[in-house]
Amino acid sequence: MKKYLIFDLDGTLIQSQHNIEKLISDFLTNKYPQLDPEYVRYVFSTTAGMPLKKQLKILFPSFSQEEINQLSQQIYN
């Protein structure tokens, strides 16, 4: 018996971008309460398609690449 799993994050089958933006925004604003949730959502909505680490660098310009890598990994986890 064959079983298949359909995985879609690019909006081809399901328009999931808004949900992903909200999840990441909620995670970041809970972890960093000083962040403005609307600004975080704005950054993610206007940089859709950009790698997560580049998006995080926009939000946290003073973070080192190692800090960006760690934060990115926390989001993926």
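This is a guided tour of a predicted model, taken selection by selection.

**The whole chain**

Begin with the whole protein in a cartoon view, where the secondary structure comes to four helices and zero strands, so that, read along the sequence, the pattern is α-α-α-α. Buried residues make up 31% of the 77 residues, and if you switch on the surface, the accessible area comes to about 5900 Å², of which 57% belongs to carbon and sulfur atoms. Among contacts between residues at least 6 apart in sequence, 30% join residues at least 24 apart.

**Helix H4**

Select residues 65-76 next, which form helix H4, a run of twelve residues that reaches 16 Å from its first C-alpha to its last, close to the 16 Å expected at 1.5 Å a residue. Within H4, show the side chains of Ile 68, Leu 71, Ser 72 and Ile 75, which are buried. Turn the view until you look down the axis of H4, and you will find that these buried residues line one face of the helix, because they fall within an arc of 105 degrees. To see what covers them, add helix H1 (17-31) and helix H3 (52-59), which are among the elements that do so.

**Helix H3 and Leu 56**

Keep H3 in view and pick out Leu 52, Gln 55, Leu 56 and Leu 59, the buried residues of this helix. They cover an arc of only 100 degrees around the axis, which puts them on the same side of H3, and the cover over them includes H1, H2 and H4.

Now centre the view on Leu 56 in helix H3, which counts as buried because its relative accessibility is 0%, where buried means under 20%. Which residues does Leu 56 touch, not counting those up to four places away in sequence? Select Leu 28, Phe 44, Ile 68, Leu 71, Ser 72 and Ile 75, and you have them. For one of these partners, Ser 72, you can draw a distance between C-alpha atoms: Leu 56 and Ser 72 are 16 residues apart along the chain, and their C-alpha atoms are separated by 7.7 Å.

**The salt bridges**

Turn next to the charged side chains, since a search of the whole structure finds three salt bridges. Start with Asp 26 and Lys 22, whose closest N and O atoms are 2.8 Å apart; both residues lie in helix H1, four residues apart, about one turn of the helix. Asp 26 is partly exposed, with a relative accessible area of 25%, and Lys 22 also counts as partly exposed, at 38%.

From Asp 26, move across to Arg 41, with which it forms a salt bridge whose closest N and O atoms are 3.8 Å apart. This pair links distant parts of the chain, with Arg 41 in helix H2 and Asp 26 in helix H1, 15 residues apart. Arg 41 counts as partly exposed at 25% relative accessibility.

Finish this stop with Glu 38, whose side chain meets that of Arg 41 in a salt bridge of 3.2 Å, N to O, both residues lying in helix H2, three residues apart. Glu 38 counts as exposed, at 53% relative accessibility. Select Lys 22, Asp 26, Glu 38 and Arg 41 together, and you see the one network into which salt bridges with shared partners join them.

**A nonpolar patch**

For the last selection, return to the surface and colour Tyr 39, Tyr 42, Met 50 and Ile 58, which make a nonpolar patch of about 380 Å². Among them, Tyr 39 has its place in helix H2 (residues 37-46) and counts as partly exposed, at 37% relative accessibility.

Definitions and conventions. Residues are numbered from 1 along each chain as its sequence is written. This is a predicted model: local features need pLDDT of at least 70, side-chain atom pairs count only at pLDDT 80 or more; totals for chains, interfaces and linings use all residues. Side-chain values use heavy atoms; hydrogens and water are left out. Patches are made of residues with over 30% relative accessible area and no salt bridge: like charges are joined within 9 Å, nonpolar side chains (Val, Leu, Ile, Met, Phe, Trp, Tyr) within 5 Å. Accessible areas come from the Shrake-Rupley method with a 1.4 Å probe; for residues, only the protein chains shown count as cover. A salt bridge is a side-chain nitrogen of Lys or Arg within 4 Å of a carboxyl oxygen of Asp or Glu. Helices (H or I, at least four residues) and strands (E, at least two) are DSSP runs, numbered from the N terminus. Buried means under 20% relative accessible area, exposed over 50%, partly exposed in between (1.4 Å probe, protein chains only). The expected span of a helix is 1.5 Å times one less than its number of residues. The arc is that of the directions from the helix axis to the C-beta atoms. Contact means heavy atoms within 4.5 Å.
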